[in-house]
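Me: I am new to this structure, and I would like to understand how the two chains are held to meet and which rule stands behind each term. Please take me through it step by step.

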Amino acid sequence: MLFRILDPQTKANQFWRDFDRLNDELTRSILDSQFGSASNFPPVNVYTKEDEALVTCLLPGLEPDQIEINVKDNLLSIHGKKKAEELAEGTEVHRREIFNGEFHRTLELPFRVDGEQVLAKFTNGVLNIHLPRREEDKPKKVSVIAG
Amino acid sequence: MNTLTKENNQEAKENVAEKDQKVTTRVYSPNVDVLETEEELLFRVEMPGVDQSSVEISIEKDQLILEGKFVPSLEARGQVRLAEYREGNYFRKFTIGKAIHSDKATAKMKNGILELTIPKMEPKKTKVEIQK
């Protein structure tokens with residue numbers, strides 16, 4: 001008969017690790033992860049002013065040259081590929097929550113955009129795209145002349 | 001279990017609010033990858049919008065606490081048309097084994113990802129001679 005000897009210290013550590021993981025998952029569900037899953041990666045916010053739209057996008061872990069932005073009329077597309085780092089041999093993975101892979105988002109803006117004037121900045125993993133409205137589409141003010 | 005979760009949640013909010021001088025700020029739980037090699041533990045944490053100077057890492061006993069303060073833009077952005085995420089601070093807590101060199105931990109921040117490396121202690125080996 002084979003007896004398995006379990007170290008009580010190891011058992012206790014494992015129990016607390018499992019307890020901590022469960023507790024962490026419950027806390028996360030309450031606190032919310034704002035990065036979502038692969039289906040809505042990257043999360044995007046859109047703001048508009050009279051003369052431009054601003055699109056902000058959370059892209060942690062990407063380099064600017066890994067992001068491709070295209071604009072046509074009132075359509076903006078953001079495309080890229082986030083590569084997972086290769087793991088050294090013998091690396092144990094305890095958690096994998098960060099999304100890696102290809103993503104593609106297309107957004108419809110409320111007005112046509114001047115593609116030549118689009119400005120994109122990438123700081124601390126946040127992409128800010130300023131999209132100026134086409135000059136001919138900007139609202140025109142008509143002054144009223146007294147008759 | 002519920003009580004403990006609430007306490008942690010409350011703790012997260014209080015922690016950040018206190019440092020924000022009583023300004024209410026949303027707190028998010030960032031995505032984390034945890035890896036382990038023979039020599040070290042590696043934590044990769046998503047904190048977009050956080051500058052290196054706004055990150056706080058503390059290791060006390062067997063608790064690792066990771067915090068990041070989001071600095072909101074003061075630029076006028078206009079009318080909100082779509083909001084898939086909201087801006088706020090980050091908080092995450094882990095229980096890690098005590099067999100680590102917390103004083104030798106190193107961290108770097110790049111493109112919204114925090115990389116924390118904590119070296120592990122070498123297991124004590126004692127050679128026992130067998131008597132004849």
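Me: What makes strand β5 of chain A and β2(B) a pair?

Reply: Two strands pair if DSSP finds at least two bridges between them, and strand β5 (residues 92–96) of chain A and β2(B) have four bridges in the antiparallel sense, so they count as a pair. In β2(B), B:D33 is the bridge partner of A:R96. Strands here are DSSP runs of E with at least two residues, and helices are runs of H or I with at least four, numbered from the N terminus. This is a predicted model, in which local features need pLDDT of at least 70 and side-chain atom pairs pLDDT 80 or more, while totals for chains, interfaces and linings use all residues. Residues are numbered from 1 along each chain, chains are lettered from A, and side-chain values use heavy atoms without hydrogens and water.

Me: Why is the link between B:E46 and A:K82 called a salt bridge?

Reply: The term asks for a side-chain nitrogen of Lys or Arg within 4 Å of a carboxyl oxygen of Asp or Glu, and the N to O distance between A:K82 and B:E46 is 3.2 Å, so the rule is met. Across the interface of chain B and chain A, six salt bridges are found.

Me: How many residues of each chain take part in the contact?

Reply: With contact defined as heavy atoms within 4.5 Å, 48 residues come from chain B and 53 residues from chain A.
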